[in-house]
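Here are some short exercises to work through with the model open beside you. Try each task before reading its solution.

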Amino acid sequence: MSQNIRIDKDSLGEVTVPENAYYGPFTARAKKQYQITKLPPHRNFVKSFIMIKKAAAMANENLGVLPSQIANAIISSCDEILAGKLSDQFVIETLNSGASTAFNMNCNEVIANRALEILGKPKGSYEIISPNDHVNMSQSSNDTSPTAIHISIILNCQELLKSLNQLICSIEKKAIDFKDDIKIGRTHLMDAIPVTMGDEFSSYLFALTKSKEFISRSLEQLYYVALGGTAVGTGANTPKGYQPLVVKNLSYISDLPLKPSPNLFYSLQSRLDVANCSSAIKNLAVELTKMSNDFRLMASGPTAGFAEITIPAVHAGSSIMPGKVNPSLSETLNMICYIVIGNDLSVTLASQAGQFELNVMLGGMVKSVLESTDMLTNFLPIFSKNMVDGIQINKQKLKSNVQKSPVLVTLLNPIIGYLKAAEVYKEAMSSNRTIKEVIIERKLMSEEEFDNALSREKLLS
């Protein structure tokens, strides 16, 4: 036998494994099949599985079905991995086999081989510590994978909510700073009754705050986990008292308020709770897209667009047009949000694709949600600091638009009536004059009456 490989054996027979590898035969076989993104598995997906394995070993020892020596070696192995060791040994990417069986076994084998070393035994001595019989005791991919998906999404969403908080704070500051800056409102992309720039930012603030609440609420359902259901939800091959104990252990290890599922059959068959969370994240992306598009329009120009705001120049806007400043960060946020929306569709399709006692489309779901939350988590602080915090108002442009807009005649409806107001509007538009000029010329109001009717207080009432 070559010094660079070892021969491991599984239910399919012998297989060569790199001599220094902590993974084993199942992983070696699967590694050749799942070359999709060629990216390592998500850190929180790994972490979630390892916490599950530790919690199970603790429960199995406590219930007397796993010898203490083996349990302690498994627990120590898990602790080392949770501390950051052996990360390169998780070689099955997040998107893998149905029910993520391949990744579950990747974890089982790495833990088993390190536990064997802890006991002074060579890797591959599975008759002493087996990836299946010991590390996977009282478990199935069918209950560990849904549980790991819940935990990893929760961990990722916790990070997302911190980033979202930063954006919310930036938007809130602008809403306060711009509360007195009157501008023409727009409906149907056409002039409408005036608002303040602060009003517009307060809407973004409210929408983002509600989006945050919806995500937070969706996480409450993810706290209920499938662990203990094993293959189909019956809890087959688990000792009495296992489910509440293993979930209690996992809650302690993860520092999350995890709870046993009240219906294990549901927790294996349905991915409603994941789809609900994914939908909440998608809805955040929808609101971010709307806000980002508004910024792009308000910043358009500087001469042929709205030019209501100026935005920071994060880099040159053009390779050919000197001095051009583009809304590059808003454009990037839009693209991220489109991917998030698409990922939610992937989750939706995967969620409805379960059959009978199991939904096997788990890897695709968790990859989609973790990718979405990673992108938003990483970019929102950049967008907050380098875009939103640097937005400035073009006060002269706002004032000019308000003074020139014929839509102000709407506020005179109670005084001169709708039909006369419509006539004034048309004349102002056709003659390129202001509403005030037409009103006074027609002697519909005095200048003093007009100014009082369209005072700052009346504009914003």
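## Exercise 1: The β1–β2 pair

Task: find the residue of β2 that stands opposite Ile5, then describe how the two strands are joined.

Solution. Start with the partner: Ile5 faces Pro18 in β2. This is a predicted model, in which local features need pLDDT of at least 70 and side-chain atom pairs count only at pLDDT 80 or more, while totals for chains, interfaces and linings use all residues. Residues are numbered from 1 along each chain as its sequence is written, and side-chain values use heavy atoms, with hydrogens and water left out.

Next, count the bridges: β1 and strand β2 (residues 13–18) are antiparallel and share 6 of them. Two strands pair if DSSP finds at least two bridges between them; strands are DSSP runs of E with at least two residues, helices are runs of H or I with at least four, and both are numbered from the N terminus. The link is a hairpin of 2 residues.

Finally, sort the faces of β1 (residues 5–10): Arg6, Asp8 and Asp10 lie on the covered face, whereas Ile5, Ile7 and Lys9 lie on the uncovered one.

## Exercise 2: A second hairpin

Task: work out which residue in the turn between β3 and β4 has a positive phi.

Solution. First place the strands: β3 covers residues 182–187 and β4 covers residues 190–196, running antiparallel with 5 bridges. Ile182 is set opposite Thr196 in β4. Then look at the turn, where 2 residues separate the strands and His188 has a positive phi of about 60 degrees.

## Exercise 3: Lys53

Task: decide whether Lys53 is buried or exposed, and list its contacts.

Solution. Locate Lys53 in helix α2 (residues 43–62). Its relative accessibility is 0%, so Lys53 counts as buried (under 20% relative accessible area; exposed is over 50%, partly exposed in between, with a 1.4 Å probe and protein chains only). Setting aside neighbours within four places in sequence, Lys53 has contacts (heavy atoms within 4.5 Å) that include Ile74, Asn104, Asn108 and Gln139.

## Exercise 4: The whole chain

Task: explain why the chain is described as more spread out than a compact globule.

Solution. Begin with the inventory of 18 helices and 8 strands. The radius of gyration is 30 Å, well over the 23 Å from the globule rule for 461 residues, so the chain is more spread out than a compact globule. The radius is taken over C-alpha atoms, and the rule is 2.2 Å times the number of residues to the power 0.38. As a last step, inspect the C-alpha trace, which spans about 100 × 50 × 35 Å along its principal axes.
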